[in-house]
Amino acid sequence: EKGGYDHFMLKEIYEQPRAIQDTYRGRLLADQGLIKMAGIDDNLEKFMNANRIIIVACGTSWHAGLVAEYIFEDIARIPVEVEYASEFRYRNPVITDKDVLIAISQSGETADTLAAIKLAKEKGAFVFGVCNVVGSTISRETDAGAYTHAGPEIGVASTKAFTTQITVLSLIALKLAKEKGVLSKSKYHEFLTELENIPSKVERALLSNELIEKVAEVYKDATNCLYLGRGYNFPVALEGALKLKEISYIHAEGYPAAEMKHGPIALIDEHMPVFVIATKKGHYEKVVSNIQEIKSRKGKIIAIVTEGDEAVKELADHVIEVPETFESLTPLLTTIPLQLLSYHIALMRGCNVDQPRNLAKSVTVE
Ligand code: M6R
């Protein structure tokens with residue numbers, strides 16, 4: 001059932017090229033310049049007239065929501081707020097019938113996310129679900145939705161759910177951008193073509209597995225780690241840290257790289273591994289200077305870079321390459337090495353990769 005892999009997590013990491021393809025199959029018609037999604041098409045007015053989109057989710061799904069915030073605002077010019085479902089539901093939020101709420105949940109059973117949906121519905125908002133499990137409670141409680149079609153995710157650490165959620169949300173953002181006329185025709189078409197290139201680029205990112213295993217060997221005994229990224233890759237830094245925490249039990253924190261100077265830089269010494277996402281597009285020069293700041297304080301730098309990068313290679317202790325893509329699609333690639341890294345470190349530490357302590361696959365308690 002693990003398809004020849006030692007663990008579900010590894011199988012699910014390797015399934016991502018296919019899972020992403022399954023997510024856009026039948027929806028992304030690049031040659032016709034079309035994105036077909038019934039849940040959006042049937043409710044287009046709701047999205048077009050929305051004052052804002054509120055995204056609610058927990059854990060990894062919340063990180064996918066943060067990536068979506070960047071893409072919705074950047075490409076579709078729709079204001080977005082992203083909230084932990086557990087906070088949203090208890091803070092008497094201002095919601096009206098002009099709001100669209102998107103709930104993201106792999107399992108479709110997360111209690112806090114479900115409660116947030118109920119609250120938003122009571123206040124008259126239109127509620128859209130992005131779920132993986134077909135027929136799950138959230139998929140039934142929402143007004144409309146889009147499935148991720150990632151296939152069953154068994155490992156407690158979410159992997160392919162994350163990349164397929166980002167794929168669905170990118171499709172929605174592109175579709176709305178086109179409808180609103182806020183994205184040039186040529187850019188829109190380039191996006192559709194590039195989305196189709198993503199599975200083979202994920203495939204290429206997976207080729208770094210052996211190198212990542214070697215990097216894991218070096219840092220497996222760390223007690224603390226930092227993950228840094230900016231813009232679209234800030235949520236990837238959070239996700240990288242969560243993956244390491246939950247399966248290897250190493251304390252890790254994700255930060256926007258520029259926040260370092262506001263406190264966390266005090267933690268840097270020769271014992272601190274810092275994982276930095278430093279891809280070419282998106283604040284590259286700024287990230288390079290953040291790397292210099294860490295280096296001058298003797299931190300160990302492991303950088304995720306674009307293929308062919310020169311400048312970061314000079315500075316970092318290790319570099320892991322991912323193919324080049326549009327800035328907004330980089331999370332689909334930069335997250336891959338971080339998933340593999342957590343997997344190998346957890347394995348080397350003798351942890352139960354698929355069923356980490358204290359955690360369950362779906363959190364149906366509040
Ligand atoms: O099923 P959901 O997407 O609603 O689950 C949300 C979180 O519980 C989940 O992403 C959790 O954080 C994972 N263990 C992360 O790997």
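How many cavities of 30 Å³ or more does a search of the whole structure find? In this predicted model, the search returns 2 cavities of that volume or above, and the ligand sits in the largest pocket. The briefing below takes the ligand and its shell, then the pocket, and then the cavities.

**Ligand and its polar contacts**

- The ligand is surrounded by 14 residues, and the closest of them are Ser-61, Ser-105, Ser-107, Thr-110 and Glu-246.
- Two of the polar approaches to ligand oxygen atoms come from side chains, with a polar side-chain atom of Thr-110 lying 2.4 Å from one oxygen atom of the ligand and a polar side-chain atom of Ser-105 lying 2.6 Å from an oxygen atom of the ligand.
- Gln-106 contributes through its backbone, where an N or O atom lies 2.7 Å from an oxygen atom of the ligand.
- On its own the ligand has 410 Å² of accessible area, and the protein covers 91% of that area.

**Make-up of the shell around the ligand**

- Helix H5 (59-76) and helix H12 (234-248) are the elements that give two or more residues to the shell around the ligand, and H5 gives the most, with 3 residues.
- Sorted by class, the shell holds 8 polar, 4 nonpolar and 2 charged residues.

**The largest pocket**

- The pocket in which the ligand sits has a volume of about 530 Å³.
- Its lining comprises 23 residues, and those lying nearest the centre of the pocket are Cys-58, Gly-59, Thr-60, Lys-361 and Val-363.
- At least two lining residues come from each of H5, strand E5 (99-105), helix H7 (111-122) and H12, and two of these elements, H5 and H12, also give two or more residues to the shell around the ligand.
- The class composition of the pocket lining is 10 polar, 8 nonpolar and 5 charged residues.

**The largest cavity**

- The largest cavity has a volume of about 70 Å³.
- Its lining includes Arg-230, Gly-231, Tyr-232 and Asn-233, together with Ile-277, Ala-278 and Thr-279, and it is completed by Lys-281, Gly-282, His-283, Val-287 and Glu-327.
- By class, this lining divides into 5 polar, 4 nonpolar and 3 charged residues.

**The second largest cavity**

- The second largest cavity has a volume of about 50 Å³.
- Among the residues that line the second largest cavity are Lys-280, Thr-306, Val-322, Pro-323, Glu-324, Thr-325, Thr-330, Leu-333 and Thr-334.
- Thr-279 and Lys-281 appear in the lining of the second largest cavity and also in that of the largest cavity.
- The lining of the second largest cavity is made up of 5 polar, 3 nonpolar and 3 charged residues.

Key
Residues are numbered from 1 along each chain as its sequence is written. This is a predicted model: local features need pLDDT of at least 70, side-chain atom pairs count only at pLDDT 80 or more; totals for chains, interfaces and linings use all residues. Side-chain values use heavy atoms; hydrogens and water are left out. A residue is near a molecule or strand if one of its heavy atoms lies within 4 Å of it. A polar contact is a pair of N or O atoms within 3.5 Å; within protein, one must be able to donate a hydrogen and the other to accept it, and residues adjacent in sequence count only if both atoms are side-chain atoms. Accessible areas come from the Shrake-Rupley method with a 1.4 Å probe; for residues, only the protein chains shown count as cover. On a 1 Å grid over the protein atoms alone, a cavity is a set of points where a 1.4 Å probe fits but cannot get out, and a pocket is an open set with protein on both sides within 12 Å along at least five of seven lines; lining residues have an atom within 4 Å of a point. A molecule sits in a cavity or pocket if more than half of its atoms lie within 2 Å of its grid points. Helices (H or I, at least four residues) and strands (E, at least two) are DSSP runs, numbered from the N terminus. Ala, Val, Leu, Ile, Met, Phe, Trp, Tyr, Cys and Pro count as nonpolar, Asp, Glu, Lys and Arg as charged, and the others, Gly among them, as polar. Grid points are joined across faces, edges and corners, and a volume is the space filled by probe spheres set on the points.
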